[in-house]
Structures are given as structure tokens and as C-alpha cells.
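Trainee: I would like to take a close look at a single part of this model, and then see how that part sits in its surroundings. Could you take me through it step by step?

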Amino acid sequence: MRLSVQPEAFDPGAEANCFAAGASGAGAIVTFTGLVRNSAAGDLLAMQIEHYPGMTETAIAAMMDQAQARWSLIDALVIHRHGRLLPGDVIMMVATAAAHRAEAFAAAEFLMDYLKSRAPFWKCEITPAGAHWVAAKDSDEAALTRW
Amino acid sequence: MIDVLYFAWLRERIGVPREQVETSAATVADLVAELVAREERYALAFADRASLRVALDQQLAGFDAPLAGVREVAFFPPMTGG
């Protein structure tokens, strides 16, 4: 399993290929890539992502261990960026490898739900009107109850 | 001495990302009460406790959690990762 919390951009296609090449014995690989979405008004200048160095890695590693045990994953990958990003930039990706697709999909969704609400990242949107912190959605918290 | 960290809008309201606090508070809630009594900026930052989360030594905890043996306390708004 590999986890990287980094400011640098990365190539999700290259990461997916590398992940697949290393997942021997897998019958299914699911990948998810998250991008910086523009604001409803289309005026997003940048997205600043703050995190809690140390806790971020510990929290995500714990989620990955849980996912691996629960869905018998062959491998898992999480890459999450922080710092200043632009609309359309890749923020993060998750990849899971399992014997069958049901496990790979479920584990990827589980990791996404937990990353949203339990990994210490905070998004700040910068528009011509100023900067504002993105509020957590009740639906993101509610999504955890299904696990 | 305990290290206290603040993130996101909480950090902006308090004005520092981290500080060392001399405290004998027994719980997180007691520490918050001490900070709030200290200066207006803390009172404003901690006005809505329900909108805040806390971590003790980098593990999520509750406001009623004891501080004995804890080296690092972090306060922050609900997380928005992914």
C-alpha cells in the first residue's frame, strides 16, 4: 500500500498504470480521481488546501488498513495534494485492487467517504470576492453511517 | 506545557497556527474555558463549539476527553478532504 500527501502535481494515468503493474493476482482495479471543481459562478481563481502534517498521514493509513482488512485488498493507493491548486487540477486519487470488482468498488467508496470527513484537510476557495472556507456537508458526514 | 494547534478559519481567528500553553486543565473543555477567558479572540473563535473538532496527539477526540499525558491538542473545523 502506498500513501502520499504532497504539494506536487501528479499524473493519475501513470499512477494507475504503475499501480496495476504491481497488483499481481488482482482481478479488479478501481481508480477514482478528484479534480478542483469551479464555483457555481465559474469565478474560482484557486483552491488552497491546508492539512495537519502527521495526523493526515496517520489518519489515512488507518483508513487504508481498515479497507484492506475488510475487503481483502491486494493493494491500495491514496495520493492527496495540498497547497494552492487551480480549477481542473487533480486534487487526489484513490486506487484499490482486489480479486473481484465488488470489493474494489466498495473499498474505493469507503476510502473516499472517509477521506472527505475524517482526513484533516480543509479547502479554501479563492474568488474575486475574497477567500472563504468550504463548509463540510451534512451529507458527507451521513455517508459514513453506511459503513 | 502543552502544544495547541489551530487550523483553517480557527487559525485565522486566533491569529497563530500553534502556541504553547501553560495549563492544568483536566479536560479539553476546561482548556477551552481557560483560553476563552484569556482574550476576546479566543471567545470569538470558540463561540460555536458544535462547529469544531478536536484531536489529542493527532487522534480525534471529544471535548470531554482528559488531557493527562497529552502533548499536542489541535482544534479545527469539520474536515473537507477528498
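Through how many residues does a hairpin join β7(A) to β8(A)?

Mentor: The hairpin joins β7(A) to β8(A) through two residues. Before going further, note that this is a predicted model, in which local features need pLDDT of at least 70 and side-chain atom pairs count only at pLDDT 80 or more, while totals for chains, interfaces and linings use all residues. Residues are numbered from 1 along each chain as its sequence is written, chains are lettered from A and ligands numbered from 1 in the order in which they are written, and side-chain values use heavy atoms, with hydrogens and water left out.

The two strands of the hairpin, β7 (residues 121-127) and β8 (residues 130-133) of chain A, run antiparallel and are joined by four bridges; strands here are DSSP runs of E with at least two residues, helices are runs of H or I with at least four, both numbered from the N terminus, and two strands pair if DSSP finds at least two bridges between them. Within this pairing, A:Thr127 stands opposite A:Gly130 in β8(A). Strands of a sheet pair through backbone hydrogen bonds, either parallel or antiparallel.

The hairpin belongs to an open sheet of four strands of chain A, ordered β5-β3-β7-β8, with antiparallel pairing. Because β5 (83-85) and β8 of chain A stand at the edges, each with a single partner strand, one side of each is left without a neighbour in the sheet. From one strand to the next the twist averages 25°, where axes are lines fitted to C-alpha atoms (for helices over the stretch in contact) and angles run from 0 to 180 degrees between N-to-C directions. Towards the β5(A) edge, strand β3 (residues 46-51) of chain A pairs with β5(A) in the antiparallel sense over three bridges, and A:Gln48 stands opposite A:Arg84 in β5(A).

Chain A has another open sheet of four strands, in the order β1-β4-β6-β2, whose pairing is mixed. Its edge strands are β1 (2-6) and β2 (28-35) of chain A, each of which pairs on one side only, and here the twist averages 5° from one strand to the next. Five bridges join β1(A) to strand β4 (residues 75-81) of chain A, and these two run parallel, with A:Gln6 opposite A:Arg81 in β4(A). Helix α2 (residues 55-71) of chain A lies across β1 and β4 of chain A and runs at about 150° to β1(A), whereas α3(A) packs on the sheet by touching β2, β4 and β6 (90-98) of chain A, its direction making about 145° with that of β6(A).

Helix α3 (residues 101-118) of chain A also contains A:Glu109, whose side chain meets that of A:Arg146 in a salt bridge at 3.3 Å, N to O; the term requires a side-chain nitrogen of Lys or Arg within 4 Å of a carboxyl oxygen of Asp or Glu.

Returning to β3(A), which spans residues 46-51, we can follow A:Glu50 to the other chain, as A:Glu50 forms a salt bridge with B:Arg11, the closest N and O atoms being 2.5 Å apart. The count between chain B and chain A is one salt bridge. Taken as a whole, the interface brings 20 residues of chain B into contact (heavy atoms within 4.5 Å) with 24 residues of chain A.
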